[in-house]
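Please find below my comments on the model, set out as numbered points. They are meant to be read with the structure open.

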Amino acid sequence: MNPAVLIASVYVFALAAFLGYQVISRVPPLLHTPLMSATNAISGISLIGSLVLAGATHSHIAHVLGFIAVTTATINVVGGFGITDRMLKMFGKRKDEGKKLPAAEASK
Amino acid sequence: MSLTSYFMEATYLIASILFVLALKGMSHPETARRGMFMAEAGMFAAIVGTLIGAHIVTWGWILVGLTIGSIIGIWMALFVPMTSMPQRTALSHAFGALAAALVGVGEFILHGTEMSVVTRGALGFEVMLGALTTTGSLIAAGKLHGTIPGKPIQFRGQNAINLVIFLVMTGNFVYFWMHPSVIAAFYTMLGVAFVFGVMLVIPIGSADMPVVMSLLNSYAGLAAAATGFVLGNNVLIIAGTLDGFSGFILSVLMCKAMNRSITNVLFGGFGAVIATASTDTGGVMREISLDDAAMQLAFANSVVFVPGYGLATAQAQHAVRELAELLESRGVTVRYAIHPVAGRMPGHMNVLLAEANVPYSALYEMEQINPEFSSTDVSVVIGANDVVNPDARDNPNSLIAGMPILEVDHSKSVIVLKRGQGRGFSGLENPLFFKSNTSMLYGDAKSTLNHLAQAVQHV
């Protein structure tokens, strides 16, 4: 790797770390489980590295390693996003339900 | 650079931006779902970009891998129950880390000898972290699923053996770093890292899983970021770093919620050494009948439910919601108090209750609800123990001294739903059970709650 690329990479890493800290510390505990499964799905981006290994090389063993990596990374991407959405759907629904409760006060 | 390569790089940039926006959306339940659509779009763009721009020559392996992965992924997304979310997440940490490790091994086979020193360092780091996270997460998943006993597995000299394994692993890493032609060093490091992952997680008890899950999450992310350094790929660095930092922040939060350090969680083996430390508080636990409990609840002004992991094991989340709705229809204010480490992963209890249709506006964090207990008529503790143990606050000699707790003992009366008279998960005596305003209701949480609901209807 040439030094200029390396230095740029270190910049990207440092800025992403800073940005990640800022953004993620605002996530409420309520959503910590979906957060974990979402960041997991997002880090399934290593799929693109796996795709290159499985398809853009001429080594047979690289193909096999790449194939396994593509499979597990795809499970993370598809399963991770799917399950995150399922969880978030539950948090989204019936939010009015909670509000109407004080109205029932008189019945006691 | 060819046109397709530019296109690929552009999709990576778009994906990076969308990922950050997605996590920003996570700051509120209302915007979270929209955020995730952005992340999905970003991911899709990056995959398409790669397939077009990366000069793919053989499609067979890719298509088969994508197909198998999608089928398993969709199956998981549709059918994994919310109670199994911790083991599913642990498994996905293992998958993510394995993908990173394998990409690293592939890179080593293809370009191992021609890499620069820095790239080789990143490669070693990636493979080492990826491998140990893979096996560590598999063990964690096994413990959470019950395939492996949740109790800490410990033996004499464990920390010394682990230290030796760690030194062998890092020693091989450094040797490979300095002498890339010695292939054996690389593969020894890989093998030992797999073993180290197992050794790292087996001494840790199930109650500490929220911390371990967060740590493994962090490792998996950092392994992906290291992949980005090896391949010189920025979107990998960004996504991996976001994942790594998210895991890191969560581990810090979880440790704070237990008042313990990460080293203590990893090497302390909590839950195995406790037996000697129990202080015999004496006193008697007062039992309450179902009808009396129902009466108390029905005529209360405000009730707070405090769910613990026992609620999840008893599958009682729907039963508690039904009881809560009955009480609400009588005009009782019902709230839920959620301790940060209730459950087996960060936020686990919120997800379980949300699945049972509890509106999230009724779920309160520890800091929000603690001042409210003094004006609460009845607190109902369901399968929780340590998180409501007043010893943590009052007894400086307690093993959990200093751990922030839900101060249910401040409420006018406390009803504790418990399976039996035995001690809780950590084996600690809980003075809450002996207090004069506490009464015990024994039995399976789910059926007790169902019976309570029936009794409330007849009040």
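1. This is a predicted model. A good place to start is helix α14 (residues 348-355) of chain B, which is largely enclosed by the rest of the structure because seven of its eight residues are buried. Those buried residues are B:His348, B:Met349, B:Asn350, B:Val351, B:Leu352, B:Leu353 and B:Ala354. After α14(B) comes B:Asn357, which has a positive phi, near 70°.

2. Next, a helix pair in chain B. Helix α1 (residues 3-25) and helix α9 (residues 234-258), both of chain B, have axes that come within 9 Å and cross at roughly 15°. Angles under 35 degrees count as roughly parallel, so α1(B) is roughly parallel to α9(B). The crossing of α1(B) and α9(B) is left-handed.

3. Which residues make the contact between α1(B) and α9(B)? From α1(B) they are B:Tyr12, B:Ala15, B:Ser16, B:Phe19 and B:Leu23, and from α9(B) they are B:Asn234, B:Val235, B:Ile238, B:Ala239 and B:Leu242. Sorted by class, this contact has eight nonpolar residues, two polar ones and no charged ones. The spacing along each helix can be read with one rule in mind: an α-helix has 3.6 residues a turn, so residues three or four places apart point the same way.

4. B:Phe19, part of the contact with α9(B), also matters for the reading of the core. The largest nonpolar core has 195 residues, and B:Phe19, B:Val306 and B:Ile382 touch the most other members. The element that gives the most to this core is helix α8 (residues 209-231) of chain B, with 16 residues.

5. The surroundings of B:Ile382 can be listed. Neighbours within four places in sequence aside, B:Ile382 is in contact with B:Phe305, B:Val306, B:Pro307, B:Gly308, B:Gly310, B:Leu311, B:Ala316, B:Val320, B:Leu417 and B:Ala445. B:Val306 is thus on this list.

6. Chain A has five helices and zero strands. Of its 108 residues, 57% count as buried. Among contacts in chain A with a separation of 6 or more, 61% are between residues 24 or more positions apart.

7. How many residues of chain A are in contact with chain B? There are 85, and they meet 101 residues of chain B. On the side of chain A that touches chain B, the elements giving two or more residues are α1 (3-24), α2 (32-43), α3 (46-55), α4 (60-92) and α5 (95-99) of chain A. Of these, α4(A) gives the most, with 31 residues. By class, this side of chain A divides into 47 nonpolar, 29 polar and nine charged residues.

Terms used:
Residues are numbered from 1 along each chain as its sequence is written. Chains are lettered from A and ligands numbered from 1 in the order in which they are written. This is a predicted model: local features need pLDDT of at least 70, side-chain atom pairs count only at pLDDT 80 or more; totals for chains, interfaces and linings use all residues. Axes are lines fitted to C-alpha atoms, for helices over the stretch in contact, and angles run from 0 to 180 degrees between N-to-C directions. Helices (H or I, at least four residues) and strands (E, at least two) are DSSP runs, numbered from the N terminus. Angles under 35 degrees count as roughly parallel, over 145 as roughly antiparallel, 65 to 115 as roughly perpendicular and the rest as oblique. A crossing is left-handed if the near helix is turned anticlockwise from the far one by less than a right angle, and right-handed if clockwise. Two residues are in contact if their C-beta atoms, placed from the backbone, lie within 7 Å. Ala, Val, Leu, Ile, Met, Phe, Trp, Tyr, Cys and Pro count as nonpolar, Asp, Glu, Lys and Arg as charged, and the others, Gly among them, as polar. A nonpolar core is a set of buried Ala, Val, Leu, Ile, Met, Phe, Trp, Tyr and Cys residues joined through C-beta atoms within 7 Å. A residue is buried if 20 or more other C-beta atoms lie within 10 Å of its own, exposed if 12 or fewer, and partly exposed in between; C-beta atoms are placed from the backbone.
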